[in-house]
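Biologist: Could you take me through one part of this structure closely, in connected steps that a first-year student can follow? I would like to know which residues surround a chosen serine, and how the parts around that residue are arranged.

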Amino acid sequence: MKTSWRNASLVASAAVVLALTTACGQEGGTSSVGSQNVGATAPAGGYGGVGTGVGTGTETSPSASSTAIGQGNLGAQSASAGKLEVSANAEIGKVLTDSNGLSLYRFDEDTAEPPKSNCDGDCASAWPPVPADDASAGAGIDKALLGEVTRTDGTKQLTIAGWPAYRYAKDTKAGDLTGQGVGGKWYALAPTGKKATLASLPGLSTRNDPNLGEIVVDKNGMTVYRFAKDKAWPEPVSNCTGACLEKWPVVGPVSANDTKDVQKKGLMSFTRSDGVKQQTVNCSPIYTFAGDKAAGDTNGQGVGGTWYAVRPNGDMVGVSDK
């Protein structure tokens, strides 16, 4: 009788483990222009001072060096856009620039329909809004996409296909793209008003990194990471909260059909303790790194001995046991 009871108990425990494993490891996932047309020119407008500051969710205070850069670049950053141009970047494709070759950006927290800027105060110091006055369309740019939006201070900001346009105070010369991907919310503008990208990438896919091998990237080509202190079993748990999320933004839900070359088993989203939905690969929560400025960067690899790029099967690059 004792032996039978023990066997029954073991069978029941195994059934619970199997159920939990199946729940986490199941295949599938969760799925995750209206500005005034100014044509070649726009009514006069402008904005105040330029410098560096908080506004990305990833910076706490400007350093002396970054402040110096911002002040030294004041003239170029505060100038009107002039004739917009298109420049080619090897990593992210066609990028919209002003007449001085400075890259223009868009902010994920803004809206295009209707056009609205949600970057004010310190944010607008780090990301100076581009004035709408005297902006015109150069070669390869549809002038019908140029518009303007009135900011909270009453000034007029240039919009591209409805998206408010910004420069980045840390871009100091033509061709700089140091703002690309900052905070997981700032991206260079393509001539169409969309985020600049070489191609339309799936929500999750892979690329072959020369140093790390095959790793997972998000829809913007940014490297995806895992946090060694997170848990995947019996259900996903993220231990990156509060200030941690400023440096390691979560990857939102991605449909299994919107992936390429990423393991489908365990590809799912879950609701974090803060109510935000986060994607997993093989049940492990995934993130991007605010320190990666452009597609192809892997600056988060090995940070703190706890953050690692992700293999297509969910393993952490350089860690033997997950």
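Modeller: Before we look closely, one term is needed: pLDDT is the predictor's confidence in each residue, from 0 to 100. This is a predicted model, and the mean pLDDT of its chain is 80, with 74% of the residues reaching 70 or more. Confidence stays under 50, however, over residues 25-75, although the model has 128 contacts there beyond four places in sequence. Residues 1-22 also stay under 50 in pLDDT, and for them the model has three contacts beyond four places in sequence. Where pLDDT is low, the predicted coordinates should not be read in detail, and with that caution we can turn to the part you asked about.

The serine I have chosen is S238, which is found in the loop that runs between strand 14 (225-227) and helix 5 (244-247). Is S238 buried or exposed? Its relative accessible area is 11%, and S238 therefore counts as buried, since the cut-off for that word is under 20%. If we set aside the neighbours within four places in sequence, the residues in contact with S238 are D230, F270, R272, Q278, P285 and Y287. Two of these contacts can be described at the level of side chains: the side chain of S238 makes a polar contact of 2.5 Å with the side chain of R272, and another polar contact, of 2.7 Å, links the side chains of S238 and Y287.

Several names in that list lead us on to a sheet. Strands 15, 16 and 17 form an open sheet in the order 15-16-17, with antiparallel pairing. Strand 15 (269-271) and strand 17 (284-285) stand at the edges and have a single partner strand each, so one side of each is left without a neighbour in the sheet. Strand 15 is joined by three bridges to strand 16, which covers residues 277-281, and these two strands run antiparallel. Within this pairing F270 stands opposite Q278 of strand 16, and both F270 and Q278 are among the residues in contact with S238. P285, which is also in contact with S238, falls within the range of strand 17 (284-285).

The loop that holds S238 can also be followed a little further along the chain, to a pair of cysteines. C240 and C244 form a disulfide in which the sulfur atoms are 1.9 Å apart, and the torsion about their S-S bond is about -105°, so this disulfide is left-handed. Its two ends can be described separately: C240 is buried, with a relative accessible area of 0%, whereas C244 is partly exposed, with a relative accessible area of 22%.

This is one of two disulfides in the structure, and it is useful to set the other beside it. C119 is joined to C123, with an S to S distance of 2.0 Å, and this link is left-handed, with -110° about the S-S bond. Here C119 counts as buried at 0% relative accessibility, and C123 is buried as well, with a relative accessible area of 7%.

To return to the serine, then, the picture is of a buried residue whose side chain makes polar contacts with the side chains of R272 and Y287.

Note on methods
Residues are numbered from 1 along each chain as its sequence is written. Side-chain values use heavy atoms; hydrogens and water are left out. Two strands pair if DSSP finds at least two bridges between them. Helices (H or I, at least four residues) and strands (E, at least two) are DSSP runs, numbered from the N terminus. Contact means heavy atoms within 4.5 Å. Buried means under 20% relative accessible area, exposed over 50%, partly exposed in between (1.4 Å probe, protein chains only). A polar contact is a pair of N or O atoms within 3.5 Å; within protein, one must be able to donate a hydrogen and the other to accept it, and residues adjacent in sequence count only if both atoms are side-chain atoms. A disulfide is a pair of cysteine sulfur atoms within 2.5 Å.
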